[in-house]
Amino acid sequence: MARTLTDQVIIITGASSGIGAATALMCAEAGMDIVLSARRADRLEKVEQEIKQRGRQAISVVGDVTDDGISQRMLDTAQAKFGRFDVVFSNAGYGFESSVADMDMGKLRQIFEVNFFASLDLIQTAARSLINEKRPGHLLMCSSCLAKFTLPYYSAYSATKAAQNHMCRAMSLELRAHNIKVSSVHPITTTTEFFDVSNKLSGKETKSNVPDHASSMFVQSPETVARAVVKCLRKPCPEVWTSHIVRSVAGVMTAFPRFFDFVVRKQAKM
Ligand SMILES: NC(=O)c1ccc[n+]([C@@H]2O[C@H](COP(=O)([O-])OP(=O)(O)OC[C@H]3O[C@@H](n4cnc5c(N)ncnc54)[C@H](OP(=O)(O)O)[C@@H]3O)[C@@H](O)[C@H]2O)c1
């Protein structure tokens, strides 16, 4: 039976743009109250206003996901404003392009800090709180389709997303007994600020919300991802995929790595 989301409280990181902001608005439409978090206070304020226009409440925790104690601060804010939290969507993240041979170790460690360690810190802190209070809950991480396969120059990003996926899969089994659901979300190319940020960090001039090589068949809006997330909140599942074709292709690619390399080399003219 589908769960009702009315009056449930969700914490969303990376809520100042893209998938996080779209999910926040769709959660408000589903009747939820929201704790938003990101670094850009002005952008969070806009999302807060849009939530209030939808008749729900919102509050922001401004900061970097790697700040000491920020995960606990998000939970404390939910407790103080709404008396509890029910759902956490650890969504903040970014990517950059680099060959492995040229990769800067500092940049590699930093992307793991943000995409993996910080998202895990929030989910783990939330899990401990729910277990202590003997309350059910739903914990989600925004991974990627690139958790299951990688592409040339995306190894660092893909590695962080695979790590998130593995952590969620194990937690999903471990926390069953506590009535806590855990899901990883696997979007395909989504039209957000992600590629602008990635291009900037990769020293590219291009300003675009999709990568040069993306086929329109495999590009989606942040609202498509948000809809899939809300569907999963109503009917929890271990992995949320927004493209069944890419999900199937990921399976084939894992089973036949030589064939995968052949296709990618043809595609990327390598
Ligand atoms: N776009 C895609 O094609 C795609 C595909 C698969 C998965 N994803 C995943 O989807 C998630 C959301 O990305 P998006 O596509 O919506 O991109 P986006 O529009 O660039 O959103 C990224 C969000 O993360 C926040 N963020 C980044 N670094 C942060 C940090 N150190 N501390 C706090 N907040 C931080 C940003 O907020 P501030 O800058 O305000 O801090 C922003 O709200 C990411 O985890 C990404 O890996 C994206």
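Trainee: Which residue forms a salt bridge with Glu193?

Mentor: This is a predicted model, where local features need pLDDT of at least 70, side-chain atom pairs count only at pLDDT 80 or more, and totals for chains, interfaces and linings use all residues. Residues are numbered from 1 along each chain as its sequence is written, and side-chain values use heavy atoms, leaving out hydrogens and water. A salt bridge is a side-chain nitrogen of Lys or Arg within 4 Å of a carboxyl oxygen of Asp or Glu. The closest N and O atoms are 2.4 Å apart, and the partner of Glu193 is Arg43.

Trainee: How many residues apart are Glu193 and Arg43?

Mentor: Helices (H or I, at least four residues) and strands (E, at least two) are DSSP runs numbered from the N terminus. Glu193 lies in the loop between strand S7 (189-190) and helix H6 (194-201), while Arg43 lies in helix H2. The pair therefore links distant parts of the chain, and the separation is 150 residues.

Trainee: Is Arg56, the salt-bridge partner of Asp7, buried or exposed?

Mentor: Buried means under 20% relative accessible area, exposed over 50%, and partly exposed in between (1.4 Å probe, protein chains only). Asp7, at 44%, counts as partly exposed. Arg56 has a relative accessible area of 16%, so Arg56 is buried.

Trainee: How many residues apart in sequence are the parts that Asp7 and Arg56 tie together?

Mentor: The closest N and O atoms of Asp7 and Arg56 are 2.7 Å apart. Asp7 sits in the segment before strand S1 (9-13), and Arg56 in the loop between helix H2 (41-53) and strand S3 (58-62), so the distance in sequence is 49 residues.

Trainee: Which helix holds the salt-bridge partner of Glu239?

Mentor: The side chains of Glu239 and Arg169 meet in a salt bridge, 3.7 Å from N to O. Glu239 is in strand S9, 70 residues from Arg169, which is in helix H5.

Trainee: What is the relative accessibility of Arg169?

Mentor: Its partner Glu239 counts as buried, at 13%. Arg169 counts as partly exposed, because its relative accessibility is 33%.

Trainee: Why is strand S6 described as largely enclosed, and how many of its residues are buried?

Mentor: S6 covers residues 180-186. The strand is largely enclosed by the rest of the structure because, of its seven residues, the number buried is six.

Trainee: Which strand is joined to S6 by three bridges?

Mentor: Two strands pair if DSSP finds at least two bridges between them. S5 (residues 137-142) runs parallel to S6 with six bridges, and Gly137 stands opposite Ile180. Val185 of S6 stands opposite Val240. The parallel partner with three bridges is S9.

Trainee: Which helix completes the β-α-β unit of S5 and S6?

Mentor: A crossover is right-handed if, with the strands pointing away from the viewer, the path from the first strand over the helix to the second runs clockwise. The unit is right-handed, and the helix between S5 and S6 is H5 (residues 155-174).

Trainee: How far apart are the end C-alpha atoms of helix H7?

Mentor: The expected span of a helix is 1.5 Å times one less than its number of residues. For the 13 residues of H7 (222-234) that gives 18 Å, which agrees with the distance in the model, 19 Å.
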